[in-house]
Amino acid sequence: MPFRSKDISGEFYAHFKIFHELMTIKVREILLVASPYDAFIMEEDGSLASRIINEYSGLNLSLPPRVVRTDSAAEALSLLKQIRFDLVITMPRLHEMDAFQLGLAIKKEKPHLPVILLSHSIRGIYPFPENKDCTGIDRIYIWSGNSDLLLALVKNTEDRLNIDRDTRKAMVRVLVLVEDSPSYYSTFLPLIYKEIVQQTQAVLDVGMNEEHRLLRMRSRPKILLAVNYEEAFELIQKYRDYLMGVISDTRFPRDGRVDDDAGAAILTRVREEIPDLPLLLLSSDSRNQCKADAIPAAFLDKNSPDLLASLHGFFLNHLGFGDFVFRLPDGAEIDRASSLRALEQKVATVPDGSLLYHARRNHFSNWLMARSEIGLASAFRKIQVSDFDSVSEMRTFLASSIRRLRKVQQKGVVVRFKAQNFDPEIMDFVKIGDGSLGGKARGLAFASTLLQRNRHLFEKYRDVAIQIPKTLVITTRGFESFIQQNHLEHCARCDLPDSRITELFLNARMPGWIMADLEVFLSQVRYPLAVRSSSLLEDALYQPYAGLYDTYMIPNDHLDFTRRLDHLVVAIKRVYASTCYENPRAFSRSTVHQHQEEAMAVVIQQLAGDVYGGYFYPAVSGVAQSYNYYPFSPMTAEDGVAHIALGFGKTVVEGEKSIRFCPRYPSVLPQFSSVEDILTHTQQQFYALKLCNAAEPCDLTTESNLEKRDVDDAESDFPVRLLAGTYSPDEHRIRDSGAFSGHKVLTLAPILKYRIFPLADILTDMMALGAKGMGCPVEIEFAVNLGTASHRKAEFFFLQMRPMAAEENRFDIAITPEDERTAVCVSAQALGNGRNDSIRDVVYIKPESFVLEAMPQMAVDIGRINAALEKENKPYLLIGPGRWGTADRWLGIPVQWRHISGVGAIIELRDSRLKVEPSQGSIFCRISPPWGFRTSLSATMDMTGLTGPGCSRRPKSGKLLIYGTFTCHRPCP
């Protein structure tokens, strides 16, 4: 039967979590017992602690141990009772007792504490105790002034302490060194450790970030030292399944006597049991080369002047640390692979003979082992060439397995962008620069991590590809470099109009190091892109700068690469410029932050959607909140709420017509209680990205480069045909199908009523996951592609996640019946809770003179009043009809943050002329204590007698009261 790769999928893709569980026992505290003279000799070029730290730093290792020194054996025993030491190093010459007596005394109190004897020479150790098995000393080393030995003895101690758990937990590899001479292994062990560390660091996949590289170092091969045949054989048998190689001297004790052929004997036995295991025979007699050839094993002359180079060659050529060298059966080299990506590519093209040659000798497994890809390496080792029906089938299996491994490696990981290694098909989240990701990108990276930690969701929704869009982030270092290079620091402090700031930024030069990486990125990426802001304070809890900055979408489809690059750079500059616009400056004045502190990262993200005619857009996009301020039976506040629309989410975010529903009860839609309601409330227009190719210019000046289309104009598009209903005037009814002729009505019934896509279930799970991960209610932006010919599976894109800052438990406010009786305003629909005694002014739109056509001018008038009140530091209550801040001028007054930056609380009044649902706080979620609790509600008010001080309260119950008297300011209609 043909071998199927799925038979082992999931077996060898170990998550990075396992590396956190390795090397749990570390040598952190060392007790050094040495006479002043011995210590002086050892520390001639610096203290022992400093030399250990230098060795760790030189090899980029973390957490060097601390060293406590004493010259008294008695004091050493006393210190052992006071401090928990992980290792004791003693010199032979001590005043009260010798090193062996000290070792025995230590073992009596702490039998498992490692004790190492460090001597300047072999002669300094003699005489040995009569019973060599009861010396109290675990290992003897010879100090020759080489500080590499300090690293080796610490790491060797850690290896012996962790090996049983780490091999069982993660199949960590083991390298056995057999050498009985302290002089030789004190020289050889540091060489091996340094080579192991350097080679492991060198071969760790270049796509990893630094955190994961450090974690992977924990899975480096363990080195075990044996000093006689019996000890070596025991180690080899115990860790047989984890061996990556054996290095053995030729002459060492066997059966209690020195045996000239012990090394050849142990390696011959290993070769018989594990035919493809790398073996190295050491000898100070070059004539023993013939013994190595007979095994067969590699040979290394201890007296060779090229000892280090020869050892390096063994690691590269036999243990798999170098390039994978493809050879023909006669040994002729035909190709090389230096990375997993290259290996995947070469495996698909090398001749059959070469592929069989390496597969039969487990070379692929050995090479992967050296890169800590232990799971896949172990799986490859278990598979035989005979398991496949053909070489072609084996080739496909090898390439696809490596590819899946590369994909899994990148999931939930933020990787540093490197031009020579960038692979857009594999890398999901990369960054340019060393600065911060900013709030938006940070939330996205966290969401990516959450998804990978909860992989059961992928199993639950097998027919849906749940994913984060491919993302490149230019960190805040890019923004800082751009500002400094072009001397634009003054823009954050001055009051220049937005148009002038845009002009300055567009005329500035992008730093060369950013341009170089963007050119490489764009040369390999041809899908449409969203260029989004990600400032330091964006999406922060309690004072989020969300919605203050610009986003641009570019088709990225021009035939001329330079034009595509220019479009991208212009979009980035415009996002940078929005940092200094009036809206964020106005918001900063109402917070504790100085606007000069703000810095901008930029998210360049794959747009979710598909091509329909000359346009690109997702079938559905929207926003979900895990806390619903306006629930009604059978819903609860914790069931959450979602707003969805056809096309891009600009419709939802800017408060235009969309469908509001509770994900737990998606078919309960009271706003659709009649045909008239459906016709009134459903979406009539949607946003799509116009694809330009070379025919039309890419306009980045209006609507984020999006085009507003009528639904009826797109009735032939797949999403409209699938999701829309058709209105029949003759029957005065709406059919739940777009297949009929007539006016299309976007009820989205196939999703909400018939569940052809599990959107409600996915949102319920995602909101719960996000709220648990962030520790507070969350808001999620998402988009959906329904399965078409170009998408075999439907797709759910997780676009953004941010905290809602719902403060339901921060304040406990009591409202009495008397408060309700005397209140000016009472509402059961309110966002947030708290008490604000500082509001003395009201900005009020008079219903009797409210004119729909005048709403844009009202926003300007409100801005004028806001500026005057803000100048006097007077927070105010803003009251008016419809939805505040909507982009649809027919749903409410289209104020921006600069128009209401001094507001303390907001009231949305019902008006029969405005068919709009109450806000969920997405637009003005920034209003928070001490500048005002967030209250956005629907209310009916008696505004008579507003002339003096007043107060507002909102308890946990969800009811809001406005009572007292105020000064009223009425903008002109």
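This is a short walk through some rings, charges, strands and buried residues in the structure above.

Okay, before anything else: what you have on screen is a predicted model. Keep that in mind as we go.

Let's start with the aromatics. How many aromatic pairs does a search of the whole structure find? The search gives 16. One of them is Phe388 with Phe397, a tilted pair, with 5.4 Å between the ring centres and 45 degrees between the planes. Buried or exposed, those two, Phe388 and Phe397? Phe388 is buried, and Phe397 is too.

Now have a look at Phe422 and Phe521. Their ring centres are 5.8 Å apart and the planes meet at 45 degrees, so this pair is tilted. What I like here is where the two partners come from. Phe422 is in the loop between strand S15 (415-416) and strand S16 (429-432), while Phe521 belongs to helix H22, residues 512-524. That puts them 99 residues apart, so the pair links distant parts of the chain. As for exposure, Phe422 has a relative accessible area of 4%, and the cut-off for buried is under 20%, so Phe422 counts as buried. Phe521 also comes out at 4%, and is buried as well.

One more for the ring fans: Phe324, Phe326, Phe364 and Trp367 make up one aromatic cluster.

Rings also turn up here with charges over them. If you zoom in on Tyr184, the charged end of Lys302 sits over its ring, 3.9 Å from the centre. Over at Trp513, the charged end of Arg477 does the sitting, at 4.5 Å from the ring centre.

Right, on to strands. There's an open sheet of four strands, and the order across it is S22-S23-S27-S28, with antiparallel pairing. Which strands stand at the edges? Those are S22 (610-612) and S28 (706-710); each has a single partner strand, so one side of each is left without a neighbour in the sheet. On average, neighbouring strands in this sheet are turned by 50 degrees against each other, ignoring direction.

Let's go through two of the pairings. Strand S23, residues 615-617, is joined to strand S27, residues 685-690, by two bridges, and the two run antiparallel. If you want a residue to click on, take Tyr615, whose bridge partner in S27 is Lys690. Then S27 connects to S28 through five bridges, again antiparallel. Here Tyr687 stands opposite Lys708 in S28.

Last stop: two polar residues to look up. Asp166 is in helix H6, residues 148-170. Its relative accessibility is 0%, and so Asp166 counts as buried. What does Asp166 touch, leaving out residues up to four places away in sequence? The contacts are Glu21, Leu22, Met23, Met171, Val172 and Lys222.

The other one is Asn836, which you'll find in strand S35, residues 834-836. Asn836 has 5% relative accessibility, so it counts as buried. Asn836 and Ala905 are 69 residues apart in sequence, and in space they are 9.0 Å apart, C-alpha to C-alpha.

That's my tour. Happy to spin the model around for anyone who wants another look.

Terms used. Residues are numbered from 1 along each chain as its sequence is written. This is a predicted model: local features need pLDDT of at least 70, side-chain atom pairs count only at pLDDT 80 or more; totals for chains, interfaces and linings use all residues. Side-chain values use heavy atoms; hydrogens and water are left out. Rings of Phe, Tyr and Trp (its six-membered ring) pair if their centres lie within 6.5 Å; planes under 30 degrees apart count as stacked, over 60 as edge-to-face and the rest as tilted. Buried means under 20% relative accessible area, exposed over 50%, partly exposed in between (1.4 Å probe, protein chains only). A charge sits over a ring if NZ of Lys or CZ of Arg is within 6 Å of the ring centre and within 35 degrees of the ring normal. Two strands pair if DSSP finds at least two bridges between them. Axes are lines fitted to C-alpha atoms, for helices over the stretch in contact, and angles run from 0 to 180 degrees between N-to-C directions. Contact means heavy atoms within 4.5 Å.
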